[in-house]
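The following paragraphs lead the reader through a single model, beginning with its pocket and proceeding to its helices. Please keep the sequence and the coordinates in view.

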Amino acid sequence: MWENFLNAIALMLILEGMLPFLSPNTWREAFRKLIEINDSQLRFIGLTSMLIGLILLVIIT
C-alpha cells in the first residue's frame, strides 16, 4: 500500500513540475491569476479536482 501511495505522490510531483519546467512564464502568469481569485472559487476548484481524481480512481480500480 505504501508503495502505491509513494508512486502516486511521485507522479503528482512529476506532473506538477512539468509546466514550470517547460514554460515558466505561462506558469508564473497562471499563478498570478490564481492568487487573485476569491476563496469560494478556489474551494470549488479544489473540490472539482478531488472529485475528478476520485472518479478516476474508481474507474481504474
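The lining of the largest pocket comprises 12 nonpolar, three polar and one charged residues. This structure is a predicted model, and the pocket in question holds about 530 Å³ of space. Of its 16 lining residues, Ala8, Met12, Ser49, Gly53 and Leu57 are the closest to the centre. Two elements each give two or more residues to this lining, namely helix H1 (2-22) and helix H3 (39-60).

Helix H1 may be examined next. Its 21 residues should span 30 Å at 1.5 Å a residue, and because the end C-alpha atoms are indeed 30 Å apart, expectation and model agree. H1 is also hardly covered, for the count of buried residues among its 21 residues is zero.

An annotation from the sequence record can be set beside the coordinates. The unreviewed UniProt entry assigns "transmembrane region" to residues 6-22 and 42-60. Over residues 6-22 the chain is 100% helix and 0% strand, with end C-alpha atoms 24 Å apart. Residues 42-60 are likewise 100% helix and 0% strand, and there the end C-alpha atoms lie 27 Å apart.

Helix H2 (residues 24-36) remains to be considered, and Phe31 is found in it. Is Phe31 buried or exposed? Its relative accessibility is 43%, and buried requires under 20% whereas exposed requires over 50%; Phe31 therefore counts as partly exposed. Between Phe31 and Gly17 there is a separation of 14 residues in sequence and, C-alpha to C-alpha, of 13 Å in space.

Terms used. Residues numbered from 1 in each chain as written. Predicted model: local features only at pLDDT ≥ 70, side-chain atom pairs only at ≥ 80, totals over all residues. Heavy atoms only, no water. UniProt positions renumbered as here; feature names shortened; annotations may be inferred. Helix = DSSP H or I, 4+ residues; strand = E, 2+ residues; numbered from the N terminus. 1 Å grid on protein atoms, 1.4 Å probe; cavity = no way out; pocket = protein on both sides within 12 Å on 5 of 7 lines; lining within 4 Å. Points joined across faces, edges and corners; volume = space filled by probe spheres on them. Nonpolar A, V, L, I, M, F, W, Y, C, P; charged D, E, K, R; others polar. Expected span 1.5 Å × (residues − 1). Buried < 20%, exposed > 50% of the residue type's maximum accessible area, 1.4 Å probe, protein only.
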